[in-house]
Amino acid sequence: MNLKTTNLETARHAILEPAGLSEQALQKVLGNVLGHAVDYADLYFQSSRHESWVLEDGIIKEGSYNIDYGVGVRAISGEKVGFAYSDDIILPALEEAAMAAKSITAQGGNHQVQAWHRLPETRSLYGDDDPLKSIPDGDKIALLRTLDAEARRIDSRIQRVIVSLSGLYEVVLIVASDGTFSADVRPLVRLNVSVIAEENGRREQGSQGGGGRFNYSRFLENDLGIHYAQEAVRQALVNLNAVAAPAGVMPVVLGSGWPGVLLHEAIGHGLEGDFNRKGSSTFSGRVGERVASPLCTVVDDGTLFERRGSLNVDDEGTPTQCTTLIENGILKGYLQDKLNARLMGSQSTGNGRRESYAHLTIPRMTNTYLLAGNHLPEEIIASVEQGLYAVNFGGGQVDITSGKFVFNASEAYLIEKGKITRPVKGATLIGSGPDILKHVSMVGNDLKLDTGVGVCGKDGQSVPVGVGQPTLKIEGMTVGGTER
Amino acid sequence: MSDNWDHLKEIVSEVLKKSKQLGLDAAEASVSWSSGLSATVRLGTVESVEFNRDKGLGITVYKGKKKGSVSTTDLQPAAIQSSLEAACRIAEYTEEDPYSGLADIESLARDIPNLDLDHPSNVTAEQAVQWAKECEDSARAFDSKIANSEGATFATHRGYRVYGNTLGFLGAYPGTRHSLNCIVIAKSGDCMQRDYDFTTARDIKDLNSRNSVGQTAALRSIRRLNARKMKTCEAPVIFSAEIAGGLWGSFIAAISGGNLYRRSSFLVDHLDKRIFPDFVNVEEIPHLRKGLGSAPFDDEGVATVQHSIVQAGILKSYVLSSYSARRLGLKTTGNAGGVNNLFISDSECDLADLIKRMGRGLLVTELMGHGVNLVTGDYSRGAGGFWIEDGQIQYPVHEITVAANLKDMFSNLVAIGDDTEKRGNIFTGSVLIDRMMIAGS
């Protein structure tokens, strides 16, 4: 027997009951939005609690707690979308928002909302406990102190340490005219250590963090938090010795894990359904074409256990899935939400996401990664006569129309005669999305996902994502350093 | 849209009163409210109409020098009470920070000047749709190379902000912002390029015309077509006015208190030192009427004042809040929350003069990525623009990076154009820099 509370029960208890909203009331609101010209409408209820703790200068300096809840109403008529929201979850506010959303279309008769179908909650990719309550506040503080002490203990050149811990407990309920009646309970935690090392007047920074859809206690297990502190210190010390980065085209070896931000920028965004429906992406209309070397298979997988980018259901109530974007170098498909899938005659891939109830749903990535190949990472490095080995990155950006993308290395080394030699300063790497993966000549057997830090921005909306890849060799890429 | 915001002020007063009842040493609270709509038209038909309405309350409490912060979107009395209690709980765990606390009482704004920031429009969704459509139409009609569009958006917002603290300060002011933007795609053969234009103002009457926004967006997209890669080289670089604000933004971040006391800036200990050549002056004018960056007081109630940041190339003032000022043993500059209207002096020459003066080099019109390291000043970003020879634009270039150290870029600044960008809080013309490394093929 399963005594676990379903997400739907949790959402009903957290959102509908306090507002005195019945299912009949929701049905009536949706029914009023639907008209002869409105073919789809949905309500997105969200209730979230967020906390953060910051240690700096050796003291617990900041603590904050945020409560946010509200409901967004969307009405779709063909390609037209009407959207309104309210941060009061009460029936009058909901009705008002519904009327505003509906205003994109002329008045029409009432249409019937399909009977709710509640999909059985057959899987749970993460726990449904409130991470904020997972350990006592005193233990959160103790964790921050331990990491601060660890960073300072390792090396006396560490002058500044900032440790931050944050947790989010979010409950969403999605009710749609197509019969969707779905809920999700989404925990998300994050721990970060950043340091500044100083030597002979030179200062450099290092930072490491991670997290996912689990509880704070994970940071205490296997000294995960301690490892972040050590890693931040290591990076800062490496950078103290970094020389100017080279400029120009050269072979680039990307490390495993977080460097997968390459795939996110170069490939992922260009395959989002909205851009392809509009024909504004450099990948538009290219399904079936070769866009990468045969060594490359890239997927977007929202079903990974406890990952930062994972969701049981997306923000339209569609169960997430593993979507193959590129298979052995051939472009296979796009990432879809309901609107763009319908307009392109396909199915949602469970990639409809939104930052909050106050934002419109658009196609977004979840966890995007490239599958492992056959080479040992050492072999890949040994194959490079003169090039760059980049293992850590800041972030990236892409112009999906021209396909040009950049990402910024924060830890990189020169490869000379097959050996990693000197560390070089951070530099921007630039390339062209539809070309770059064609130049992948070796793929490592060391697939790794990032530690759980990704934030993706699109149309002014931020959502948590994951990336990953094995060690990769790109035959030629432009490195934006300062040395000839 | 209600003009009666008294209840928002009352909420702040109530929070401050309750915090005194709870025996707290000090507290501050702010309420923000905003409302508006935006409409996007793509390929001549409505793509979306969005109605925004947001409110929020933020509270920070102090127990001695220990603080706790909360925020909530629920402004009901019960939620306010539990938020205050949560803030007090947090302050049990944070530690004494000798520099923390409210702003010093003598720095608080004594009167709240009317900066003419509030120009409500009463634009309906139908009008917004119509204006967006006219804008996109003029972009699409501009040239047959405009093959596709990401649409045009008209948006209008009105907001009200209240801030109060237990030193007796309670200030509030409304403000509006209207904007129109257009993004279109030009196509030639296999090459597809997207670019945009926008206009934004406090008063709808001050917006650029729908036609000009549409046509500029079209022109900007078309001129990027058939961009070439270029060889790696060292050359002078002009940052065009619309992106040059980013350079000044990096400068401001590097002289901001938070980065200075953390020693995470390449400009620590640079007060009264030379950073730019002597023709460069930078001034903050926070009370500019109708200014997009104008504010009568900062995020902690401190009076904002006009002051010089760079005089004849010398750094005369940091950018500080009360907290960072105390850390550095200085006085707040009224910049809790950032700078308000930064004016960069020009060299009395236009962009064409700058290009002529450069002779041969790169005109950058687009930057990509986040490659600015404020700790070291290392700068490396993706770029696109135009190659210049013989003082003339030759052809568009792309897939390149520009790199140097910001300290060198600032000291090797050659000239600033009078083609001043006015659509944000940084007023700057195009900037010519002596030389940078350009990485290409």
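Below are five short exercises on this predicted model, each with a worked solution.

Residues are numbered from 1 along each chain as its sequence is written, and chains are lettered from A and ligands numbered from 1 in the order in which they are written. Because the model is predicted, local features need pLDDT of at least 70 and side-chain atom pairs count only at pLDDT 80 or more, while totals for chains, interfaces and linings use all residues; side-chain values use heavy atoms, with hydrogens and water left out.

**Exercise 1. The interface**

Task: Describe how chain B and chain A meet, starting from the residues in contact and the area they bury.

Solution:
- Step 1. Start with the residues in contact (heavy atoms within 4.5 Å). Chain B gives 67 residues and chain A gives 78 residues.
- Step 2. Turn to area. The size of an interface is often given as the accessible area lost when the parts come together. Here that buried area (accessible area, 1.4 Å probe, that two parts lose on being put together, summed over both) is about 5,900 Å², with 49% of it on carbon and sulfur atoms.
- Step 3. Look for charge pairs. The rule for a salt bridge (a side-chain nitrogen of Lys or Arg within 4 Å of a carboxyl oxygen of Asp or Glu) finds 13 across this interface. In one of them, B:Arg53 meets A:Glu96 at 3.4 Å, N to O.
- Step 4. Ask which element of chain B gives the largest share of its side. Strand 2 (residues 45-63) of chain B does, with 10 residues. Strands here are DSSP runs (E, at least two residues) and helices are too (H or I, at least four), numbered from the N terminus.
- Step 5. Sort the chain B side by class: 21 nonpolar, 24 polar and 22 charged residues. For this count, Ala, Val, Leu, Ile, Met, Phe, Trp, Tyr, Cys and Pro are nonpolar, Asp, Glu, Lys and Arg are charged, and the others, Gly among them, are polar.

**Exercise 2. Strands across the chains**

Task: Find which strand of chain A is joined to strand 2 of chain B, and in which sense the two run.

Solution:
- Step 1. Recall that strands of a sheet pair through backbone hydrogen bonds, either parallel or antiparallel. Two strands count as paired if DSSP finds at least two bridges between them.
- Step 2. Strand 3 (residues 80-86) of chain A is the partner: 4 bridges join these strands, and they run parallel.
- Step 3. To see the register, pick A:Ala84, which stands opposite B:Phe51.

**Exercise 3. The setting of B:Thr428**

Task: Is B:Thr428 buried or exposed, and what does its side chain pair with?

Solution:
- Step 1. Place the residue: B:Thr428 sits in the loop between strand 16 (426-427) and strand 17 (431-439) of chain B.
- Step 2. Apply the classes (buried under 20% relative accessible area, exposed over 50%, partly exposed in between; 1.4 Å probe, protein chains only). B:Thr428 has 0% relative accessibility, so it is buried.
- Step 3. List its surroundings. Beyond four places in sequence, its contacts include B:Ala241, B:Ala244, B:Ile344 and B:Glu421.
- Step 4. B:Trp248 is also in contact with B:Thr428, and their side chains share a polar contact of 3.0 Å. That term covers a pair of N or O atoms within 3.5 Å; within protein, one must be able to donate a hydrogen and the other to accept it, and residues adjacent in sequence count only if both atoms are side-chain atoms.

**Exercise 4. Salt bridges that span the sequence**

Task: Trace salt bridges that link distant parts of a chain.

Solution:
- Step 1. Begin with the total: 71 salt bridges over all chains.
- Step 2. In chain A, Arg186 and Asp315 meet at 2.7 Å, N to O. A:Arg186 is in strand 5 (residues 181-199) and A:Asp315 in the loop between strand 8 (298-301) and strand 9 (322-327), 129 residues apart. Both residues are buried.
- Step 3. In chain B, Asp299 and Arg161 come within a salt bridge of 3.2 Å. B:Asp299 lies in the loop between strand 8 (282-284) and strand 9 (307-311) and B:Arg161 in strand 4 (residues 146-165), so the pair ties together parts 138 residues apart in sequence. B:Asp299 is partly exposed, at 44%.

**Exercise 5. A sheet in chain B**

Task: Which strands stand at the edges of the open sheet in chain B?

Solution:
- Step 1. Write the order of the 5 strands: 10-9-8-11-16, with mixed pairing.
- Step 2. Strand 10 (314-315) and strand 16 are at the edges; each has a single partner strand, so one side of each lacks a neighbour in the sheet.
- Step 3. Check one pairing: strand 9 and strand 10 of chain B are antiparallel over 2 bridges, with B:Val310 opposite B:Leu315.
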